[in-house]
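Trainee: I would like a close look at one part of this protein. Pick a single helix and walk me through its surroundings, then step out to the rest of the chain.

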Amino acid sequence: VNQRQLLAEMGQVFKAWADVYFSATSERLNKEVIRSEAFEDCRKKNNLSWSTQKFTKALQAWVKYYGYKLNPKDKCNSTGNRIVRRIGESTHEMIYIAADSTEIIKQLSDGAQRDLPF
């Protein structure tokens, strides 16, 4: 029931995008990603007119769906649940999705098995 509720919150389109964008092979898990770049990629690839709040809620549901952690406290600024970094001349809010290494290995091995011709 909880999985279906989370899927309804994020939507199938967002889930499909996030499954690829944050896949183990994308090298975006356990790394800081510029939030605005992820948001724009999601909007453009899915032709969505979402607000940043809708994107955040969908991302939170996706993270819970897989048992990951969004913006762990040890990565956040002193203000709480945000990660803000200076990159060049600009300041950007970041996304950090913490995934257990065993889950990443499982994703990689599942992907390798799917590519087999038999």
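Mentor: Start with what helix H4 packs against. In this predicted model, the buried residues of H4 pack against three helices and two strands: helix H1 (2–10), helix H2 (12–21), helix H3 (35–46), strand E2 (69–70) and strand E4 (90–98). Those buried residues are Phe-55, Thr-56, Ala-58, Leu-59, Ala-61, Trp-62 and Val-63.

Next, the length of the helix. H4 covers residues 52–66, which makes 15 residues. At 1.5 Å a residue, H4 should span 21 Å, and its end C-alpha atoms are 21 Å apart, so expectation and model agree. Just after H4 comes Gly-67, with a positive phi of about 80 degrees.

Now take two of the helix partners in turn. H2 packs on H4 at an angle of about 65 degrees, and the axes are 10 Å apart. That angle makes H2 roughly perpendicular to H4. The crossing of these two helices is right-handed. From H2, the contact uses Phe-14, Lys-15, Trp-17, Ala-18 and Asp-19. From H4, it uses Phe-55, Ala-58, Leu-59, Trp-62, Tyr-65 and Tyr-66. Sorted by type, the residues of this contact are nine nonpolar, no polar and two charged.

H3 is the other helix to examine. H3 and H4 pack at an angle of about 90 degrees, with axes 11 Å apart. They are therefore roughly perpendicular to each other. On the H3 side, the contact is made by Arg-35, Ala-38, Phe-39 and Cys-42. On the H4 side, it is made by Thr-52, Phe-55 and Thr-56. Here the residues divide into four nonpolar, two polar and one charged. Phe-55 of H4 takes part in the contact with H2 and in the contact with H3.

Stay with H3 for one more residue. Asp-41 sits in that helix. Its relative accessibility is 18%, under the 20% cut-off, so Asp-41 counts as buried. Leaving aside neighbours within four places in sequence, Asp-41 is in contact with Trp-17 and Tyr-21. Trp-17 is also one of the H2 residues that contact H4.

Two residues away from the helices deserve a look for their backbone. Most residues other than glycine have a negative phi. Asn-71 is not a glycine, yet it has a positive phi of about 50 degrees. Asn-71 lies in the loop between E2 and strand E3 (83–87). With 12% relative accessibility, Asn-71 counts as buried. Not counting residues up to four places away in sequence, Asn-71 touches Cys-76, Asn-81, Ile-83, Met-94, Ile-95 and Tyr-96.

Glu-27 is not a glycine either, and it has a positive phi of about 60 degrees. Glu-27 is placed in the loop between H2 and strand E1 (32–34). At 56% relative accessibility, Glu-27 counts as exposed, whereas Asn-71 counts as buried.

Last, set H4 in the whole chain. The protein chain holds five helices and four strands. From the N terminus on, the elements run α-α-β-α-α-β-β-β-α. Of the 118 residues in the chain, 34% are buried. Take the contacts between residues at least 6 apart in sequence: 62% of them join residues at least 24 apart.

Conventions: Residues are numbered from 1 along each chain as its sequence is written. This is a predicted model: local features need pLDDT of at least 70, side-chain atom pairs count only at pLDDT 80 or more; totals for chains, interfaces and linings use all residues. Side-chain values use heavy atoms; hydrogens and water are left out. The expected span of a helix is 1.5 Å times one less than its number of residues. Buried means under 20% relative accessible area, exposed over 50%, partly exposed in between (1.4 Å probe, protein chains only). Contact means heavy atoms within 4.5 Å. Axes are lines fitted to C-alpha atoms, for helices over the stretch in contact, and angles run from 0 to 180 degrees between N-to-C directions. Angles under 35 degrees count as roughly parallel, over 145 as roughly antiparallel, 65 to 115 as roughly perpendicular and the rest as oblique. A crossing is left-handed if the near helix is turned anticlockwise from the far one by less than a right angle, and right-handed if clockwise. Ala, Val, Leu, Ile, Met, Phe, Trp, Tyr, Cys and Pro count as nonpolar, Asp, Glu, Lys and Arg as charged, and the others, Gly among them, as polar.
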